[in-house]
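Colleague: I have the two chains open and would like to talk through them with you. Could we begin with a word on terms and then go from one part to the next?

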Amino acid sequence: MTAMVKSEGVHKSFGATEVLKGIDLEVAEGEVFCLIGPSGSGKSTFLRCINHLEKINAGRLYVDGELVGYRQKGDKLYELKDSEVALKRRDIGMVFQRFNLFPHMTAIENVMEAPIQVRGESKAVVRERAERLLDRVGLADKARNYPSQLSGGQQQRVAIARALAMEPKLMLFDEPTSALDPELVGDVLDVMRGLAEDGMTMIVVTHEMGFAREVGDSLVFMDGGVVVESGHPRDVLTNPQHDRTKSFLSKVL
Amino acid sequence: MTVDVNKTEPADTPPPAAPESIKAIPVRHYGRYVSAVIAIGLLVAIVYAFSQGKINWGAVPDYFFDDRILHGVGQTLLLTVLSMAIGIVGGILLAVMRLSKNPVTSSIAWFYIWFFRGTPVLVQLMVWFNLGLVFEYINLGPIYKDYWSSFMTPLLTALLGLGLNEAAYMAEICRAGLLAVDEGQTEASHALGMSHSKTLRRIVIPQAMRVIVPPTGNEVINMLKTTSLVSAVQFYELLREAQDIGQTSGAAVEMLFLAAAWYLILTTVFSIGQYYLERYYARGASRALPPTPFQRLKANLALFRRTPKAVTR
């Protein structure tokens, strides 16, 4: 298996605060990779670095074998132009904690926007795909609703369909269920489980330990900007080696 | 189980114990009656005073649809619409420049706003009119060449003066609108691979419009009245036409009232347009759109009709 995402000594600072202090990890193709850890541990920041929403300060980050945000010629690094960054982002879907649906568009318009505007596909083709995707996330009947008319869980499922409409090879989930009522979490997790079964490569920042255990192939526990412990979710969650992992898990499980 | 709470249902199907609505004597608001009487009294007194003044009221309807007045109304409208168009396009452009990461464009925008907001619009109008002192010719290479004085028609002077000034004000309104859109929207759009300009055009500006439209309505109405300044650069609009008639017919003050009435009519029309525009941009922002005035009237009438029925039952 080839590495979809490879991180070598990634550092990230906001001003004087160092949020990531050297992250080394590899995500294989088709893998469901879960990131857990207390808030402020840098897991969301790391996720945002992968599609270059944040610039890294040191280290190397590769997606599908290509550097993120830079081009290497000899031993010199060249910053990518905005248009080149945008080109790479097409292949990486992202789902946000706060959904970030476009409120002035209906559910189906949200899903259709990027394929039409970015890839220049024809409306008819995209509509057909958008309807299929909305049906897949169980919201075929809500296609004409505006986001404000949908529940949080429904909005998040539209957001997943929106990301999938670009047919990405990698999906990033930034605490996709943290802003949801407990009752609505299940629907979103079911959609993600379905995606995992179809072989989508997924990096999931989550507090849903049940999901990580059942669906995850790998799990990383981060704290203070470093990877504390990693391994198979079952091993890490049931038999943590580090004291920090133990104390964290004892509070959330 | 869902409980059906449909009041129009016939009574023969035993209702599932609908709760009895409260019948109480409402609080009496005597203050409202008193203030209404005082307000109406004052209004009558003022109207009476004006009707008894030394004003020839008959002249107002006589000239209301005079050709010159209608021409003036048309010119005022034309100037308002075109100047606002320049102002809005320029304002959006300046706001985007001001917010851009490029220090050159943001400084240019800052300087433009500083200059055009800092000088009176009347002075700007006159400067445009007299710019022939600086530039004798206007020379666009092979396309166009003429004397400045014959190039700068009153209409063009008025348009440039009002439009460029308005752009400075609109820039600040647009900037507020752009800043009001949640950053997550830009992030989501970028994450989908959309470019900066697409993000702005498709995602940010449509949402910013909800914030931009109400103060822009204000600006339109302001502009409508500010157009009366352009008589200073020999442009014939509503007020100028009315004053001309006033001077020749000897009904100077009457013509001012006439012009005021026309301005009121025009602002009313613009306000109605603004309401519907706001309603359009509110889509998606709230669960249900606010009712149009017509829908509200219908709802109120329906309420009115149902109330007595409820009492007799």
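Modeller: A contact here means heavy atoms within 4.5 Å, and please keep in mind throughout that this is a predicted model.

Colleague: Fine. Among contacts in chain B between residues at least 6 apart in sequence, what share joins residues at least 24 apart?

Modeller: In chain B, 71% of the contacts between residues at least 6 apart in sequence join residues at least 24 apart.

Colleague: And what is chain B built from, in helices and strands?

Modeller: Chain B has 12 helices and 2 strands, and read from the N terminus its elements run α-α-α-α-α-β-β-α-α-α-α-α-α-α. Of the 313 residues in chain B, 33% are buried, while the accessible surface of the chain comes to about 20100 Å², with 67% of it belonging to carbon and sulfur atoms.

Colleague: Which residues make up the nonpolar patch on the surface of chain B?

Modeller: The patch is formed by B:W110, B:F111, B:W114 and B:F115, which together have about 480 Å² of accessible area. B:F111 sits in helix α4 of chain B, residues 103-118, and with a relative accessibility of 49% it counts as partly exposed, because that class lies between under 20% for buried and over 50% for exposed. As a general point, an α-helix has 3.6 residues a turn, so residues three or four places apart point the same way.

Colleague: Let's switch to the interface. How much area do chain B and chain A bury between them?

Modeller: Chain B and chain A bury about 2100 Å² between them, and 55% of that is on carbon and sulfur atoms. On the chain B side, B:E187, B:A191 and B:L192 lose the most area to chain A, together 27% of what that side buries. The contact itself takes 21 residues from chain B and 26 residues from chain A.

Colleague: How many salt bridges cross the interface?

Modeller: There are 2 salt bridges across the interface of chain B and chain A, and in a salt bridge of this model the side chains of B:E187 and A:R48 meet at 2.7 Å, N to O.

Colleague: You mentioned A:R48. Which helix of chain A holds it, and is that helix enclosed or open?

Modeller: A:R48 is one of the buried residues of α1(A), alongside A:K43, A:S44, A:T45, A:F46, A:L47, A:C49 and A:I50. Helix α1 of chain A spans residues 43-50, and 8 of its 8 residues are buried, so the helix is largely enclosed by the rest of the structure. After α1(A) comes A:H52, whose phi is positive, near 65°.

Colleague: Back to chain B for a second: what does B:H196 touch?

Modeller: Leaving aside residues up to four places away in sequence, B:H196 touches A:D82 and B:H190. B:H196 belongs to helix α9 of chain B, residues 196-226, and it is partly exposed, with a relative accessible area of 42%. The C-alpha atoms of B:H196 and B:T186 are separated by 8.6 Å, with the two residues 10 apart along the chain.

Colleague: And B:S231, buried or exposed?

Modeller: B:S231 counts as buried, at 17% relative accessibility. B:S231 is found in the loop between α9 and α10 (238-249) of chain B, where it touches B:E237 and B:R240, again not counting residues up to four places away in sequence.

Colleague: Now the sheet in chain A. In what order do the strands come?

Modeller: The 4 strands form an open sheet in the order β2-β1-β4-β5 of chain A, with antiparallel pairing, and the edge strands are β2 and β5 (66-67), each of which pairs on one side only. Strand β1 (residues 3-14) is joined to strand β2 (residues 17-28) by 9 bridges; A:V5 has A:V27 as its bridge partner, and A:H11 stands opposite A:K21.

Colleague: What links those two strands?

Modeller: β1(A) and β2(A) form a hairpin with 2 residues between them, and A:G15 in the turn has a positive phi of about 65°.

Colleague: Which loop of chain A holds A:F99?

Modeller: A:F99 lies in the loop between β8 (92-95) and α3 (107-117) of chain A. A:F99 has a positive phi of about 65° although it is not a glycine, and it is buried, with a relative accessible area of 8%.

Definitions and conventions
Residues numbered from 1 in each chain as written. Chains lettered and ligands numbered in written order. Predicted model: local features only at pLDDT ≥ 70, side-chain atom pairs only at ≥ 80, totals over all residues. Heavy atoms only, no water. Pairing = 2+ DSSP bridges. Patch = residues over 30% accessible without salt bridge, like charges linked within 9 Å, V, L, I, M, F, W, Y side chains within 5 Å. Areas by Shrake-Rupley, 256 points an atom, 1.4 Å probe, with all protein chains shown as cover. Salt bridge = Lys/Arg side-chain N within 4 Å of Asp/Glu carboxyl O. Buried < 20%, exposed > 50% of the residue type's maximum accessible area, 1.4 Å probe, protein only. Buried area = accessible area lost by both parts, 1.4 Å probe.
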